Amino acid sequence: MGILERQSNPPAASKEFKRTVGDGRRGSKQQQSTGGEHKGSQVAESKQFSSEQKQQLPGENNMPGPTAPKTGVSNGNTQFQVTVSHEKRFKSLPSAEVLPRNVTLGGYIFVCNNDTMQEDLKRQLFGLPQRYRDSVRTIQPGLPLFLYNYTTHQLHGIFEAASFGGSNIDPTAWEDKKCRGESRFPAQVRTRIRKQCKPLEEDSFRPVLHHYDGPKFRLQLSVPEAVELLDLFEENGSP
C-alpha cells in the first residue's frame, strides 16, 4: 500500500508543476504584450511630440514672409489675426496696385470709357470691377475723386465721395446682360461734383501718378499726389 501511494503521488505533483509553469509562461507573454503596447504608446507620443516641436520651431514654413506687417501687439495670436486680416483685405490686388501700409489715402481715380462715362455722371456713382472691392471700401465721404476716360485719355474732376465705398450700392448700374440684377462694376461709391474743371490731358497728369507694368497706374492716390492733381485742375480752370 505504501508503494502504491508513493507511485501515485508523483503524477499529481507533476501535474501541479506543469500548471504552475504554464501559468508562468502565460503571465510572461501577457507582460511582454503589455510591454509592447506600452512601448508602442511611447513611440507614438514621441512622434506626436516631435511633430508639435517641429511646428513650434522657426522653420521655412513658420517664418513670416517679407510682407508680414509689424505691429505693436505683444500677444502672438492677436498679431497673427491682424496679419491675416490685412492680407485678406487686399488679397484681390497685387501690392503694386495699393498704397503702402503706412501711407494715408488722399484720393482715388476711377476708370471709364465713352460708353460708361455718361452713366457714371448721370447716376452720380463710380464703379470698378470686383477685384477692387476691398480697395474701394477704404474710401470715406469727402475724399477727392477723379475719373479717367481711357478712350479719350483724359482725367476728369474734381469729384468727391458722397458715401463710403462699398459693394453693389446700386446693382442695376452697368448691369451684366448675362446675369440680370448683377453689376459688372460692383465696387462702388456715390459721388458729387466738388468743382467742375476742364479735363487734364495725359502729358500733364501722368507724371504725378505712380506707374507699374508700363502705362498702368495705381488708382489709389497718396495725399501729395491728390494735392498735386487738385492744383493742376485749379490751374486748368473751368470749362
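Select Leu-147 and His-156 to begin: in this predicted model, Leu-147 stands opposite His-156 of strand 4. Now extend the selection to both strands. Strand 3 (144–149) and strand 4 (154–161) run antiparallel and are joined by five bridges. Another of the pairings can be seen at Asn-149, whose bridge partner in strand 4 is Gln-154. The two strands form a hairpin with four residues between them, and in the turn His-153 has a positive phi of about 60°.

**Strand 3 and its two faces**

Keep strand 3 and display its side chains. Pro-144, Phe-146 and Tyr-148 point one way, while Leu-145, Leu-147 and Asn-149 point the other way. How many of the six residues of strand 3 are buried? Six of the six are, so the strand is largely enclosed by the rest of the structure.

Next, add strand 1 (105–112). Strand 1 and strand 3 run parallel and are joined by five bridges. Tyr-108 can serve as a landmark here, as it stands opposite Leu-145 in strand 3.

**Strand 4 and its further partners**

Return to strand 4, which is mostly covered, with eight of its eight residues buried. Besides the hairpin, two other pairings can be followed from this strand. Select strand 7 (residues 200–201): it pairs with strand 4 in the antiparallel sense over two bridges. Gln-154 has Glu-201 as its bridge partner in strand 7. Then select strand 6 (187–193), which also pairs with strand 4 in the antiparallel sense, over three bridges. In this case the residues to centre on are Glu-160 and its bridge partner in strand 6, Arg-192.

**The nonpolar core**

Now turn to the side chains between these elements. The largest nonpolar core has 37 residues, of which Tyr-108, Ile-109, Phe-110 and Leu-145 touch the most other members. Which elements each supply at least two residues of this core? They are strand 1, strand 2 (125–128), strand 3, strand 4, strand 6 and helix 6 (223–236). Strand 1 gives the largest share, five residues. In soluble globular proteins, nonpolar side chains tend to be buried together.

Centre the view on Phe-110. At 0% relative accessibility, Phe-110 counts as buried. Leaving aside residues up to four places away in sequence, Phe-110 touches a set of residues including Phe-126, Gly-127 and Leu-128, Val-136 and Ile-139, Leu-145 and Phe-146, and Ala-187 and Val-189.

**Aromatic pairs**

Show the aromatic rings across the model; seven aromatic pairs are counted. In one of them, Tyr-108 and Phe-110 have ring centres 5.1 Å apart and planes at 40°, so the pair is tilted. Tyr-108 is buried, with a relative accessible area of 1%. A second pair to select is Trp-174 with Phe-185, which is edge-to-face, at 5.9 Å centre to centre and 75° between the planes. Both residues lie in the loop between strand 5 (166–167) and strand 6, eleven residues apart. Are these two buried or partly exposed? Trp-174 counts as buried at 2% relative accessibility, whereas Phe-185 is partly exposed, with a relative accessible area of 21%. Finally, select Tyr-108, Phe-110, Phe-126 and Phe-159 together: ring pairs link these four into a cluster.

**Arg-206**

Move next to Arg-206, in the loop between helix 5 (202–205) and strand 8 (220–222). Why does Arg-206 count as buried? Its relative accessible area is 19%, and the cut-off for buried is under 20%. Two polar contacts of its side chain can be displayed. One is with the side chain of Glu-202, at 2.8 Å, and another, of 2.8 Å, joins the side chains of Arg-206 and His-211. Not counting residues up to four places away in sequence, Arg-206 touches Tyr-148, His-211, Pro-215 and Phe-217. Tyr-148 leads back to strand 3, where it points the same way as Pro-144 and Phe-146.

**The whole chain**

Zoom out to the full model. The protein chain has six helices and eight strands, in the order α-α-β-α-β-α-β-β-β-β-β-α-β-α from the N terminus on. Of its 239 residues, 31% count as buried. Among contacts between residues at least 6 apart in sequence, 70% join residues at least 24 apart. With the surface displayed, the accessible area of the protein chain comes to about 15,900 Å², and 52% of it belongs to carbon and sulfur atoms.

Methods. Residues are numbered from 1 along each chain as its sequence is written. This is a predicted model: local features need pLDDT of at least 70, side-chain atom pairs count only at pLDDT 80 or more; totals for chains, interfaces and linings use all residues. Side-chain values use heavy atoms; hydrogens and water are left out. Rings of Phe, Tyr and Trp (its six-membered ring) pair if their centres lie within 6.5 Å; planes under 30 degrees apart count as stacked, over 60 as edge-to-face and the rest as tilted. Buried means under 20% relative accessible area, exposed over 50%, partly exposed in between (1.4 Å probe, protein chains only). A nonpolar core is a set of buried Ala, Val, Leu, Ile, Met, Phe, Trp, Tyr and Cys residues joined through side-chain atoms within 4.5 Å. Contact means heavy atoms within 4.5 Å. Accessible areas come from the Shrake-Rupley method with a 1.4 Å probe; for residues, only the protein chains shown count as cover. Two strands pair if DSSP finds at least two bridges between them. A polar contact is a pair of N or O atoms within 3.5 Å; within protein, one must be able to donate a hydrogen and the other to accept it, and residues adjacent in sequence count only if both atoms are side-chain atoms.
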